[in-house]
Amino acid sequence: SIILISDGDSDQCCLQLLITAWRHLQLGLFSNMPLRGAIAFGEVFVNSDLSIFLGDALTRAYLLEEKQAWMGIALEPSMSSRCESMFQDFIQRKDSVPDFLILSELFPEYPVPMKDGKRESLRVINWRFNMMSAKGTEYHLGVHEAPDVKEKVRNTLEFAKWVREQHPDREPIVLGKAATDVAIELKRFFA
């Protein structure tokens, strides 16, 4: 298990935690070790010397992580609510509109597939944002025979496709020889 904990509850602390989780997701994928997780907001007791972590937020994150049937991180409603106030602050500051647009793409709402076959609309971490892979996402997820793992891979690829479909008007740019080597999200910065 990987447990990320913030030292505070300021907007900056929350954003740093989310960005750290986003980068861990990408690193895991590129290491052919897809991750699944959840982030909750609340107090947690930590004794790092004894490796003791206790708290309702930790329990809620664990329960949500266990329900999901994909590779990704969903924000538990408490964290999503905490982030909404941060996003609203960015909207009200006119000089931060580009920041809000990036945040809304990094943490979109998505119908997350659950192990019971249902979907739950949650804010998620868009691991696909600004990700470049010449080999493609499917390569990094690997080949699996177990039906439940195949379903998780299928659901993960469905999310990657959904991300691409959110901006069909963006045309790829070419850096080097192949446009496929450039993450779709970079197009907005070079268009």
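Glu65 touches Arg36, Gly37 and Ala38, leaving out residues up to four places away in sequence. You can find Glu65 in helix 2 of this structure, which is a predicted model. Is Glu65 buried or exposed? Its relative accessible area is 16%, and because buried means under 20%, Glu65 counts as buried.

Let us stay with one of those neighbours, Arg36. The side chains of Glu65 and Arg36 make a polar contact at 2.9 Å. The two residues also form a salt bridge, with 2.9 Å between the closest N and O atoms. This pair links distant parts of the chain: Glu65 belongs to helix 2 (residues 56-67), Arg36 to strand 1 (residues 36-39), and 29 residues separate them. Arg36 has 23% relative accessibility, so Arg36 counts as partly exposed, whereas Glu65 is buried.

What brings such residues together? Side chains of opposite charge can pair when their charged atoms come close. How many salt bridges does a search of the whole structure find? The search finds nine, so there are others to visit.

Keep your eye on helix 2 and look for Arg60. Arg60 forms a salt bridge with Glu76, and here the closest N and O atoms are 2.8 Å apart. Once again distant parts of the chain are linked: Arg60 sits in helix 2, while Glu76 is in the loop between strand 4 (72-75) and helix 3 (77-92), 16 residues apart. Arg60 is partly exposed, at 22% relative accessibility. Glu76, in contrast, is buried, with a relative accessible area of 11%. These two residues also belong to a network of salt bridges that links Asp56, Arg60 and Glu76.

Now move on to helix 3 and find Glu84. The side chain of Glu84 meets that of Arg123 in a salt bridge, at 2.5 Å from N to O. Glu84 is in helix 3 and Arg123 is in strand 6 (residues 119-123), so this salt bridge ties together parts that lie 39 residues apart in sequence. In this pair, Arg123 is buried, with a relative accessible area of 9%. Glu84 is partly exposed, with a relative accessibility of 25%.

Arg123 also leads us to Ala74. Which residues is Ala74 in contact with, leaving aside its neighbours within four places in sequence? They are Gly37, Ala38, Ile39, Leu64, Gln68, Val112, Leu122, Arg123 and Val124. Ala74 is found in strand 4, and its relative accessibility is 0%, so Ala74 counts as buried. Look at Val124 in particular: the C-alpha atoms of Ala74 and Val124 are separated by 4.3 Å, although the two residues are 50 residues apart along the chain. Gly37 and Ala38 may sound familiar, as they are also among the residues that Glu65 touches.

Another buried residue to look at is Thr156, with a relative accessible area of 1%. Thr156 lies in helix 6 (residues 147-165). Beyond its neighbours within four places in sequence, Thr156 is in contact with Trp70, Met71, Trp127 and Leu141.

Let us come out to the surface. Here Phe45, Leu50, Ile52 and Leu54 form a nonpolar patch, and together they have about 390 Å² of accessible area. Phe45 has its place in strand 2 (residues 45-47). Its relative accessibility is 45%, so Phe45 counts as partly exposed.

One last stop concerns the cysteines. A disulfide is a covalent bond between the sulfur atoms of two cysteines. How many disulfides does a search of the whole structure find? The search finds zero. Why is there no bond for Cys13? The closest cysteine sulfur, in Cys14, is 7.0 Å from the sulfur of Cys13, which is too far for a bond. Cys14 is in no disulfide either, and the nearest cysteine sulfur to its own, that of Cys83, is 6.0 Å away. A disulfide needs sulfur atoms within 2.5 Å, so the 6.0 Å between Cys14 and Cys83 does not qualify. Cys14 is also buried, with a relative accessible area of 3%.

Terms used. Residues numbered from 1 in each chain as written. Predicted model: local features only at pLDDT ≥ 70, side-chain atom pairs only at ≥ 80, totals over all residues. Heavy atoms only, no water. Patch = residues over 30% accessible without salt bridge, like charges linked within 9 Å, V, L, I, M, F, W, Y side chains within 5 Å. Areas by Shrake-Rupley, 256 points an atom, 1.4 Å probe, with all protein chains shown as cover. Salt bridge = Lys/Arg side-chain N within 4 Å of Asp/Glu carboxyl O. Helix = DSSP H or I, 4+ residues; strand = E, 2+ residues; numbered from the N terminus. Buried < 20%, exposed > 50% of the residue type's maximum accessible area, 1.4 Å probe, protein only. Contact = heavy atoms within 4.5 Å. Polar contact = N/O pair within 3.5 Å; in protein donor to acceptor, adjacent residues only side chain to side chain.
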